[in-house]
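Here's a quick briefing to go with the model you're about to open. Have a look at the fold first, then come back for the notes.

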Amino acid sequence: MSKLIKQILALTMAAALLFAFGACGNNKAETTTEPITEATEDVFAESTTIEETSAIEETSTEAPVSETEASTTAGAIIATSAATTTTKASDTQATTTAAPADKKPATKAEIIAYVNTAMQKLRADKPGYTFQERMQIDDKKVSSSKGWINSVAPPIIKMAKGAWGNYKSTTTAKGASHAEVMPKADLQSAWVKNASLTESGSNYKISIQLVSENVPTLPTSQSSTTHGKVTHVFTKSEIADGAGDMGVDISQFGVNYSGAIIEITLNKDTGKLSKITVLSPAMADMVAKVPVFGALDAKIPLTQDIIFTF
């Protein structure tokens with residue numbers, strides 16, 4: 001995450017809206033802004049209304065999943081052989097059943113295994129990629145115990161939208177580490193709420209919805225949370241860096257991550273990825289001591305929007 005976005009987030013969540021955005025708006029981003037032809041508008045509103053069920057799901061999580069072993073053949077879809085565990089309705093155990101090499105992945109377990117194999121290949125091949133990032137804040141749902149914040153937040157967020165609402169773009173060269181490409185770790189069934197796969201010409205379009213996760217305090221590392229293993233969560237050092245630059249002292253910071261979606265486009269014959277889009281909505285609940293304004297509280301709904309193009 002760029003330094004500019006860290007500062008904007010820290011200050012926004014400190015609710016010092018009257019001066020924070022003006023101060024941050026004069027800073028130069030560390031990355032360049034590029035126009036995006038496929039920009040998703042109002043992502044927060046869209047991603048929080050996802051259907052609870054997917055057209056492609058496991059027919060039963062109560063029954064044991066049979067073990068299968070997939071073979072990999074040239075020109076066939078990517079598949080992986082993996083042991084499977086018995087899952088219950090609580091979905092607390094990971095399932096990594098892969099579809100047979102001559103069959104399109106259909107169940108949640110098969111789709112997860114297919115994605116994991118494709119991501120392992122990507123990290124091994126390291127083809128290079130363009131990374132694009134922006135942050136969206138739902139000004140209509142910002143709230144605070146301070147009445148004046150509820151009044152001034154919407155218009156100020158709208159006015160300052162350009163500071164964080166445009167994509168920031170960087171490029172990673174071929175052969176460099178691809179460890180930060182999302183999902184960052186192999187997906188586990190317990191992390192995934194829904195998974196679906198559709199065909200579009202020569203491509204598969206895959207949609208993965210993560211389960212909700214409440215993180216009551218800022219973690220010290222990404223990997224200590226489920227969302228941090230897969231996408232991105234705010235960490236203690238990250239928020240402290242942005243807040244400290246403006247003299248903001250954060251005393252409480254909790255985040256509820258709900259409705260995160262990973263959309264993947266890849267060639268159904270070769271398994272080569274061409275695009276990954278990550279939409280990660282969150283509701284931040286925090287209290288901070290801000291110069292001039294004193295102690296302020298705020299609940300801020302925001303969505304991190306990330307695109308990887310290969």
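What follows covers confidence, overall make-up, one helix and one residue.

Keep in mind that this is a predicted model. The protein chain averages a pLDDT of 74, with 64% of its residues at 70 or more. One stretch deserves caution: residues 14-96 have pLDDT below 50, though the model still gives this stretch 186 contacts beyond near neighbours in sequence. Where pLDDT is low, the predicted coordinates shouldn't be read in detail.

**Overall make-up**
- You'll find eight helices and 10 strands in the protein chain.
- The protein chain has 310 residues, and 47% of them count as buried.
- Among contacts with a separation of 6 or more, 72% are between residues 24 or more positions apart.
- The accessible surface is about 14,000 Å², and carbon and sulfur atoms make up 51% of that.

**Helix H4**
- Helix H4 takes in residues 108-125, and at 1.5 Å a residue its 18 residues should span 26 Å.
- The C-alpha atoms at the ends of H4 are indeed 26 Å apart, so the model agrees with the expected span.
- H4 is mostly covered, as 14 of its 18 residues are buried.
- Right after H4 comes Lys-126, which has a positive phi near 50°.

**Ile-149**
- Ile-149 sits in helix H5, which runs over residues 147-159.
- With a relative accessible area of 0%, Ile-149 falls under the 20% cut-off, so it counts as buried.
- Leu-296 is 147 residues away from Ile-149 along the chain, yet their C-alpha atoms are separated by 9.2 Å.

Notes:
Residues numbered from 1 in each chain as written. Predicted model: local features only at pLDDT ≥ 70, side-chain atom pairs only at ≥ 80, totals over all residues. Heavy atoms only, no water. Helix = DSSP H or I, 4+ residues; strand = E, 2+ residues; numbered from the N terminus. Buried < 20%, exposed > 50% of the residue type's maximum accessible area, 1.4 Å probe, protein only. Contact = heavy atoms within 4.5 Å. Areas by Shrake-Rupley, 256 points an atom, 1.4 Å probe, with all protein chains shown as cover. pLDDT = per-residue confidence, 0-100. Expected span 1.5 Å × (residues − 1).
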